[in-house]
Amino acid sequence: MAAMVGSVGVMVTLLMCVLGGQALDLLRVTATSGTPPSTPRVHCWCSSYPNMTLCSWPEPSISPPTHYIATYSERHRPLDTKQCQLIQPGSSSSDLTSTSSSSSERLWHCQLPNLRLLTDYIFNITAVYSGGSSSHLSSFMLEDIVKPDPPVNVRVSPQDVRNLLVQWSPPPSWANLNIFPLKYQILYRWENRGNPKSVNEEEQAAAPETDPQSAVAATQIQPTQTPEPRDLTATTPSQISKLSVAAVTQLGPFESTKVELKGLTPGRTYVFQVCAKELLGLGMCSDWSSPVKITIPRRKL
């Protein structure tokens, strides 16, 4: 809704989305000058269930706000509002955060401590400008936004001419590993002359049978045609699940932090990445770890 009085304008914009009575998004912009201020784009996630919950939003590169006001409350107790701990871009505390946003953006963060389990929360961030303000309200349940940080220290070592051992460590930020274990998935692809190529089904069929301790389940999707090779380094696990096995091979989930892969091709260069997810399936898988490249030796070690 907008109104103009002479050269002074007041604009109010409301957008609401309700999904199953759980999710809610509401945007509000008010301005006393011609151009309304931009509304914060908020992303919330729990990197260590249930203790570490963060919300982030990029600061506008042009005409940033004078300050932010961030609060949160239980959805059914809206009057019991708590202030959020703001973390400025570039501060030492921001090194503890992890998002998939562009590195060129200046990200603000807000830490929400001691959230209750199985409880709907409302998060309100207001950007205050000299000529007005803009707000973003979002609703979430902690269990829906669980997203661990990526596994670290991924290592790949040859075991034989056709076998590799892939090992990794859980994300250090996941504090309650004994109470809330993680499960993992491996993504790998092979390269030919530096270009990523398909891990085709003929190669999968040629792999010898593995014993129960080293067996893993591979995503099986029959492609109608082989897609063009593509760089998958920045592809998220949810996007990977929509691709055919001709583009990549995704293994798991499994609880161990190491797995032996058998029946690989000698002389071929493979690229491996790992993602982590809460064992019972809460939330989503982490972003993929940094890629690790290895060439299978042609001769027996």
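How many helices and how many strands does the chain have? There are two helices and 20 strands, in what is a predicted model. The legends below start with the whole chain and then move in on selected details.

**Figure 1. The whole chain, with 301 residues, sets the scene for the close-ups.** Of these residues, 44% count as buried. The accessible surface comes to about 16300 Å², and carbon and sulfur atoms hold 52% of that area. If you like contact maps, look at the pairs with a separation of 6 or more: residues 24 or more positions apart account for 65% of those contacts.

**Figure 2. The largest nonpolar core has 46 residues.** Which of its members touch the most other members? They are Leu112, Phe123, Trp168, Ile186 and Phe272. Phe272 makes a good place to pause. Setting aside neighbours within four places in sequence, Phe272 is in contact with Val156, Leu164 and Val166, with Ile186, Leu187 and Tyr188, and with Leu261. The list for Phe272 is completed by Ser290, Pro291, Val292 and Ile294. Ile186 therefore appears twice in this view, being a contact of Phe272 and, like Phe272, one of the core members with the most partners.

**Figure 3. A disulfide joins Cys44 to Cys55, one of three in the structure.** The S to S distance is 2.0 Å. The torsion about this S-S bond is about 105°, so the disulfide is right-handed. Cys44 belongs to strand 5 (residues 43-48) and Cys55 to strand 6 (residues 52-58), with their positions 11 residues apart in the count along the chain. Both Cys44 and Cys55 are buried. Cys46 also counts as buried, because its relative accessibility is 0%.

**Figure 4. Four strands form an open sheet in the order 5-6-10-9.** The pairing is antiparallel. Strand 5 and strand 9 stand at the edges with a single partner strand each, so one side of each has no neighbour in the sheet. From one strand to the next, the twist averages 30°. Moving inward, strand 6 and strand 10 run antiparallel and are joined by six bridges. Among the residues to look for here is Leu54, whose bridge partner in strand 10 is Gln111. As a reminder, strands of a sheet pair through backbone hydrogen bonds, either parallel or antiparallel.

**Figure 5. A disulfide joins Cys84 to Cys110.** The S to S distance in the model is 1.2 Å. Where do the two partners sit? Cys84 lies in the loop between strand 8 (82-83) and strand 9 (85-87), while Cys110 is in strand 10 (residues 107-112), so the pair ties together parts that are 26 residues apart in sequence. Cys84 and Cys110 are both buried.

**Figure 6. A disulfide joins Cys275 to Cys285.** Here the S to S distance is 2.3 Å. With a torsion of about 85° about the S-S bond, the disulfide is right-handed. Cys275 is in strand 19 (residues 269-278), and Cys285 is in the loop between strand 19 and strand 20 (292-295), 10 residues apart. Are these cysteines buried or exposed? Cys275 counts as buried because its relative accessibility is 0%. Cys285 is buried as well, with a relative accessible area of 12%. To tie the disulfide views together, number the bonded cysteines in sequence order: the pairing reads 1-2, 3-4, 5-6.

Definitions and conventions: Residues numbered from 1 in each chain as written. Predicted model: local features only at pLDDT ≥ 70, side-chain atom pairs only at ≥ 80, totals over all residues. Heavy atoms only, no water. Core = buried A, V, L, I, M, F, W, Y, C linked by side-chain atoms within 4.5 Å. Buried < 20%, exposed > 50% of the residue type's maximum accessible area, 1.4 Å probe, protein only. Contact = heavy atoms within 4.5 Å. Disulfide = S-S within 2.5 Å. Pairing = 2+ DSSP bridges. Axes fitted to C-alpha atoms, helices over the stretch in contact; angles between N-to-C directions. Areas by Shrake-Rupley, 256 points an atom, 1.4 Å probe, with all protein chains shown as cover.
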